[in-house]
Amino acid sequence: MRLARTAAFAAVCVTLAAFAHLLGGGSAPEPGTAGFALAAVAVLGLTLCGRERSAGTINIVLVGAQIGLHELFAGEGAAYVSVHGHAQGGLAVNAGMLLTHLTATVITGLWLSRGEAALWSVLRRLGRRLVLLEPPAAVPAMRPCAPVVRTRIVPPQPGFRHCLARRGPPLPA
């Protein structure tokens, strides 16, 4: 199950990062660079997918991954940029590039956190059903205790004390 979650995380993260980088004005990553990025994000995802993660944790990891992927994709195009005389250095990028990477982060984070919650919900339900299918273990017979019942009488609110409801079927015409 960890490998499937890791593969989904890596594929979505790298695909959206490459697409966002392209939309932000950068160049599309080479297949070798995209493969390296996929492997690097898969290793990161494999180390973090041992248990259910919150949406905040997923988004923090994604922000770091998007920064790393942007630097990887921008470093690949550095030769192209230097030949054509464009100035682009490190994280000092234009607003479009930043906006597209942040949009990719938000989309990926929402998608993965909802998928993570749904997956863990299904696994918990499946686990409960499997527990119910097991034969009961031999338990020593104990006398059942009478349940303790505690009731609390809530007095009606002052405004409702003298309220009379006259709702019923409509009168015939």
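α1 and α2 are oblique to each other. I start there, with the pair of helices, and then move to the core and a few single residues. One caveat before the details: this is a predicted model.

Two packed helices are described by the angle between their axes and the distance between the axes. For α1 and α2, the axes cross at roughly 135° and come within 8 Å. An angle over 145 degrees would count as roughly antiparallel, and 65 to 115 as roughly perpendicular, so at roughly 135° this pair is called oblique. As for handedness, the crossing of α1 past α2 is right-handed.

Which residues of α1 and α2 meet? On the α1 side they are Arg-2, Leu-3, Thr-6, Phe-9, Ala-10, Ala-11, Cys-13 and Val-14. On the α2 side they are Ala-34, Ala-37, Leu-38, Val-41, Ala-42, Gly-45 and Leu-46.

Take Leu-46 from that list. Leu-46 belongs to helix α2, and its relative accessible area is 35%, which means partly exposed. Once neighbours within four places in sequence are left aside, the contacts of Leu-46 are Arg-2, Leu-3 and Thr-6. There is also a C-alpha distance to quote here: Leu-46 and Arg-5 are 41 residues apart along the chain, and their C-alpha atoms are separated by 8.3 Å.

Now the chain overall. There are 5 helices and 0 strands, so from the N terminus the order reads α-α-α-α-α. The chain has 173 residues, and 23% of them are buried. The accessible surface is about 13,000 Å², with 69% of that belonging to carbon and sulfur atoms. Among contacts with a separation of 6 or more, 87% are between residues 24 or more positions apart.

Next, the core. How many residues are in the largest nonpolar core? There are 14, and Cys-13, Val-41, Leu-62, Leu-69 and Phe-73 have the most contacts inside it. Three helices each supply at least two residues of this core: α1, residues 2-23; α2, residues 31-48; and α3, residues 55-76. The largest contribution is from α1, with 6 residues.

Cys-13 appears both in the core and among the α1 residues that meet α2. Beyond its neighbours within four places in sequence, Cys-13 is in contact with Val-41, Leu-62, Ala-65, Gln-66, Leu-69 and Thr-108.

That last partner, Thr-108, takes us to helix α5. Is Thr-108 buried or exposed? Its relative accessibility is 0%, so Thr-108 counts as buried. Not counting residues up to four places away in sequence, Thr-108 touches Val-12, Cys-13, Leu-16 and Leu-62. With Leu-62 the sequence separation is 46 residues, and the C-alpha to C-alpha distance is 7.7 Å.

A second threonine in helix α5, which covers residues 95-133, is Thr-105. Thr-105 has 5% relative accessibility; the cut-off for buried is under 20%, so Thr-105 counts as buried. Its contacts, with residues up to four places away in sequence not counted, are Asn-59, Leu-62, Val-63 and Gln-66.

To close, follow Leu-62 through these lists. Leu-62 is one of the core residues with the most contacts. Cys-13 is in contact with Leu-62, Thr-108 touches Leu-62, and Thr-105 touches Leu-62. That is the end of my part.

How values were computed. Residues are numbered from 1 along each chain as its sequence is written. This is a predicted model: local features need pLDDT of at least 70, side-chain atom pairs count only at pLDDT 80 or more; totals for chains, interfaces and linings use all residues. Side-chain values use heavy atoms; hydrogens and water are left out. A nonpolar core is a set of buried Ala, Val, Leu, Ile, Met, Phe, Trp, Tyr and Cys residues joined through side-chain atoms within 4.5 Å. Buried means under 20% relative accessible area, exposed over 50%, partly exposed in between (1.4 Å probe, protein chains only). Helices (H or I, at least four residues) and strands (E, at least two) are DSSP runs, numbered from the N terminus. Contact means heavy atoms within 4.5 Å. Accessible areas come from the Shrake-Rupley method with a 1.4 Å probe; for residues, only the protein chains shown count as cover. Axes are lines fitted to C-alpha atoms, for helices over the stretch in contact, and angles run from 0 to 180 degrees between N-to-C directions. Angles under 35 degrees count as roughly parallel, over 145 as roughly antiparallel, 65 to 115 as roughly perpendicular and the rest as oblique. A crossing is left-handed if the near helix is turned anticlockwise from the far one by less than a right angle, and right-handed if clockwise.
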